[in-house]
Amino acid sequence: MNESYERLKPYMEKAQALQTAMVLFEWDNETLAPRAAAPYTARMIGAISEEYLRVMTDETARKLAQDCGDGAGMTEAEAAALREFREEMKKLERIPAKEYREYAELTARSAGIWAEARKNRDFGAFAPTLRQVLDYQKRFASYQAEPGQKLYDVMLDSYEKGFDMESLDRFFGQLKTELVPFLRQVMDCGRQPDDAFLEGDYPKEKQEAFAGFLARYVGFDFDRGVMAVSAHPFTTNLHNHDVRITNAYTRRVDDAIFSVIHESGHGIYEQGIPDALTLTPAGQGASMGMHESQSRFFENIIGRSRAFWVPLYGRLQETFPEQLKTVSLDAFVRAVNKARPGLIRIQADELTYSLHIMVRYEVEKLLVEQGMDVRELPEIWAEKYREYLGVCPENDGEGVLQDIHWSQGSFGYFPSYALGSAFGAQMYETMKTQMDVEGLLEQGNPAPIREYLREHVHRYGKMKTSRQILKDMTGKEFDAGCYIRYLKEKYGMLYGI
Ligand code: ZN
């Protein structure tokens, strides 16, 4: 036992409780809260976040965290919790309280300004706010930076430890060299599948019931989780016994199907965090990228495979006989994997997805490191979409205004999506050597796959970084080659290339 740690615990517990309260308000805002509640709830969130800052910068807590020393007498889980707590403390104490509050107020407004600008397809209306948010982010990064560290590297590191511009330039460079020409080959081969049947009059209640079935099927535990409806699907969690996913229902039945598998992947990760870690600063997924690796693994690698649908497609046909009666399993699988370069990231297929992320990565680098003004964004955005995807937005709404992230100050977040996909592919390559993944799916038995991920990923929470998890699981460092191989093999087969 570590005496100082025992005395620090109530502070950690309080910080955690305040954070959990904020998460719960966020969830409520997106699901059930009446629209008029927003400004009132924002005031409460403001008060809670101020209290959170007070705990995190408390003198006694800081002293106790120091006195814990190198973690002697602590369990591995406690040591991880202490490390995370110290890091968060260090981050917050470097930001002057006045700036922290001003920034919180700015971002509370900015999402609304962004939403309005997006509705009107008018980037000019958002640009001044975005410039302010970006300036704050750069200033905060400068407070965190180690001597000589680049600002964008600080931002990247906060989402994905151990990944900086050098490693990401290499990663995206490989994707650009390999995938851009491969995508052209796929588009030119003249074998686009018909996917028109995926859109139509799919009753919402039936979609919702099927989504619930799928979540349970892949292993989301409804005794420790719930599913609700929101405009955009997302996952949040209070702790490992209260994990919440949402889904959305449109005229495209595949939207709901693959969103719910994606969010279940996030949810299963959080439900797999052990009791010893939950409700501590180390009691969550290792990183944004590792989280996406799990959600995208379930959604794409498992969920869009033919084997997955062998035992399930009949049930889907029975649920929607009018729409799917005459559509074969193979036609369905080809349709849900259709590659088509588009303008909207969240609608992108598996093959083109990382190219959307590459555009954002390059643009963020220009903004943060090259001093590019936000005014130039729409033009540079269009240029890059033309170059990598061969499409060009007709307005800001389907271009630079499509994502909420920058309005919330999330610069350096986007690369996690592409990294997550690549992490998942590397895991899959190893997993296939240890078990018959396809066979299990064809038998309708995804449990051993989930257990494998629980064993190698979920149970560590933040005790390991994403790089460590990958290395321990696959026996090698992060390798983008696995992802490229996986995509080329899958799409080569689907398109007969
Ligand atoms: Zn996700």
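In this predicted model, the side chains of Asp195 and Arg252 come together in a salt bridge, with 3.5 Å from N to O. The two partners sit in loops: Asp195 in the one between helix 8 and helix 9 (204-218), and Arg252 in the one between strand 3 (242-247) and helix 10. The contact thus joins distant parts of the chain, 57 residues apart. Asp195 is tucked away, since a relative accessibility of 8% makes it count as buried. The pair doesn't stand alone, either: Asp195 and Arg252 belong to a network of salt bridges that also takes in Asp254, Lys338 and Arg340.

That network is part of a bigger tally, with 39 salt bridges in the structure. Another of them pairs Glu84 with Lys161, whose closest N and O atoms are 3.4 Å apart. Glu84 lies in helix 4 (residues 76-93), while Lys161 lies in the loop between helix 7 (151-159) and helix 8 (165-188), so this bridge ties together parts that are 77 residues apart in sequence. As for cover, Glu84 is buried at a relative accessible area of 12%, whereas Lys161 is partly exposed at 30%.

Arg139 and Glu99 make a further salt bridge, again with 3.4 Å between the closest N and O atoms. Here the link runs from helix to helix: Arg139 is in helix 6 (residues 127-144) and Glu99 in helix 5 (residues 97-119), 40 residues apart and in distant parts of the chain. Glu99 counts as buried, with 14% relative accessibility, but Arg139 is partly exposed, with a relative accessible area of 33%.

Then there's the metal. The zinc ion has three protein donors, namely His262 (NE2), His266 (NE2) and Glu292 (OE), at 2.1 to 2.2 Å. Along the chain, these donors follow the spacing H-x3-H-x25-E. His262 belongs to helix 10 (residues 253-271) and Glu292 to helix 11 (residues 288-302), so the pair ties together parts that are 30 residues apart in sequence. His262 is buried, with a relative accessible area of 10%, and Glu292 also counts as buried, at 7% relative accessibility.

Out on the surface, Glu376, Glu379, Glu383 and Glu387 form a negative patch. One of these residues, Glu387, lies in helix 17 (residues 377-389). Glu387 is partly exposed, its relative accessible area being 48%.

Methods:
Residues numbered from 1 in each chain as written. Predicted model: local features only at pLDDT ≥ 70, side-chain atom pairs only at ≥ 80, totals over all residues. Heavy atoms only, no water. Patch = residues over 30% accessible without salt bridge, like charges linked within 9 Å, V, L, I, M, F, W, Y side chains within 5 Å. Areas by Shrake-Rupley, 256 points an atom, 1.4 Å probe, with all protein chains shown as cover. Salt bridge = Lys/Arg side-chain N within 4 Å of Asp/Glu carboxyl O. Lys, Arg positive; Asp, Glu negative; His and termini not counted. Charge placed at Lys NZ, Arg CZ, Asp CG, Glu CD. Helix = DSSP H or I, 4+ residues; strand = E, 2+ residues; numbered from the N terminus. Buried < 20%, exposed > 50% of the residue type's maximum accessible area, 1.4 Å probe, protein only. Donors = N, O, S within 2.8 Å, 3.2 Å for Na, K, Ca; no water.
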